[in-house]
Amino acid sequence: QVQLVESGGGLVQVGGSLRLSCAASGRTFSVYAMGWFRQAPGKEREFVAAISRSGRDTYYADSVKGRFTISRDNAKNTVYLQMNSLKPEDTAVYYCAARINGAALTQDKYDYWGQGTQVTVSS
């Protein structure tokens, strides 16, 4: 069992940056691959990025590749999502998720979810 709490969301202008954090508590963090997903109003939740248990392997949706960076600090039980060059279409609630074993790109593979943090990009 692991509990996830996201933070770092907010309002930012187009072209700006934000860094989201997801703090985990409970079972040893390093056994979990982590993912970030987002859900915009009226849309389904979609994959954003994922990272392996060691942090060596990362995966990104095409829409964020080159702008977002996922990373983790296993000593701090935290995964991050650095978001640069933000666009209005990045506006969404961002969720972090955890699963035991390897990273996955679909939400049905994840077992634990945070409550989400709102990111709003204004033009």
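In the predicted model described here, strand 5 and strand 6 form a hairpin in which six residues lie between the two strands, and Gly 55, placed in the turn, has a positive phi of about 90°. The pairing of strand 5 with strand 6, which covers residues 58–60, is antiparallel and extends over three bridges. Within this pairing, Ala 50 has Tyr 59 of strand 6 as its bridge partner.

A hairpin is also formed by strand 4 and strand 5, again with six residues between the strands, and here the turn holds Gly 42, whose phi is positive at about 75°. Strand 4, made up of residues 32–39, pairs with strand 5 in the antiparallel sense over five bridges. Phe 37 stands opposite Phe 47 of strand 5, while Trp 36 has Ala 49 of strand 5 as its bridge partner. Strand 5 thus takes part in pairings with strand 4 and with strand 6. Five of the six residues of strand 5, which spans residues 46–51, are buried, so this strand is largely enclosed by the rest of the structure.

Strand 4 is likewise mostly covered, with seven of its eight residues buried. Besides its pairing with strand 5, strand 4 is joined to strand 9 by eight bridges, and strands 4 and 9 run antiparallel. In this second pairing, Ala 33 is matched with Arg 99 of strand 9 as its bridge partner.

Strand 9 contains Tyr 94, a residue that counts as buried because its relative accessibility is 0%, where the cut-off for burial is under 20%. When residues up to four places away in sequence are left aside, Tyr 94 touches Trp 36, Phe 37 and Arg 38, together with Val 48, and its contacts further include Glu 6, Leu 20, Phe 68, Leu 81, Met 83, Gly 116, Thr 117 and Val 119. Of these contacts, Trp 36 is the bridge partner of Ala 49 in strand 5, and Phe 37 is the residue that stands opposite Phe 47. The C-alpha atom of Tyr 94 is separated by 19 Å from that of Asp 73, a residue 21 places away along the chain.

Several residues in loops were also examined. Asn 77, in the loop between strand 7 and strand 8, the latter covering residues 78–83, has a positive phi of about 55° although it is not a glycine. The relative accessibility of Asn 77 is 28%, and the residue therefore counts as partly exposed. A positive phi, of about 85°, is also found at Asn 101, which is not a glycine either. Asn 101 is placed in the loop that runs between strand 9, residues 92–100, and strand 10, residues 112–113. With a relative accessibility of 44%, Asn 101 counts as partly exposed.

Ser 63 lies in the loop between strand 6 and strand 7, where strand 7 covers residues 68–73. The relative accessible area of Ser 63 is 39%, and this residue is partly exposed. Between the C-alpha atoms of Ser 63 and Met 83, which are 20 residues apart along the chain, the separation is 12 Å. Met 83 is also one of the residues touched by Tyr 94.

Taken as a whole, the protein has eleven strands and zero helices, and the pattern read along its sequence is accordingly β-β-β-β-β-β-β-β-β-β-β. The radius of gyration is 13 Å, close to the 14 Å that the globule rule gives for 123 residues, so the protein is as compact as a globular protein of that length. Taken along the principal axes, the box filled by the C-alpha atoms is roughly 40 × 25 × 25 Å.

Of the 123 residues, 44% count as buried. Among contacts between residues at least 6 apart in sequence, 58% join residues that are at least 24 apart. The protein exposes about 6100 Å², of which carbon and sulfur atoms supply 45%. Its charges comprise 14 positive and 10 negative ones, and the mean positions of these two groups are 5 Å apart.

Technical notes
Residues are numbered from 1 along each chain as its sequence is written. This is a predicted model: local features need pLDDT of at least 70, side-chain atom pairs count only at pLDDT 80 or more; totals for chains, interfaces and linings use all residues. Side-chain values use heavy atoms; hydrogens and water are left out. Helices (H or I, at least four residues) and strands (E, at least two) are DSSP runs, numbered from the N terminus. The radius of gyration is taken over C-alpha atoms; the globule rule is 2.2 Å times the number of residues to the power 0.38. Buried means under 20% relative accessible area, exposed over 50%, partly exposed in between (1.4 Å probe, protein chains only). Contact means heavy atoms within 4.5 Å. Accessible areas come from the Shrake-Rupley method with a 1.4 Å probe; for residues, only the protein chains shown count as cover. Lys and Arg count as positive and Asp and Glu as negative; His and the chain ends are not counted. The place of a charge is taken as NZ of Lys, CZ of Arg, CG of Asp or CD of Glu. Two strands pair if DSSP finds at least two bridges between them.
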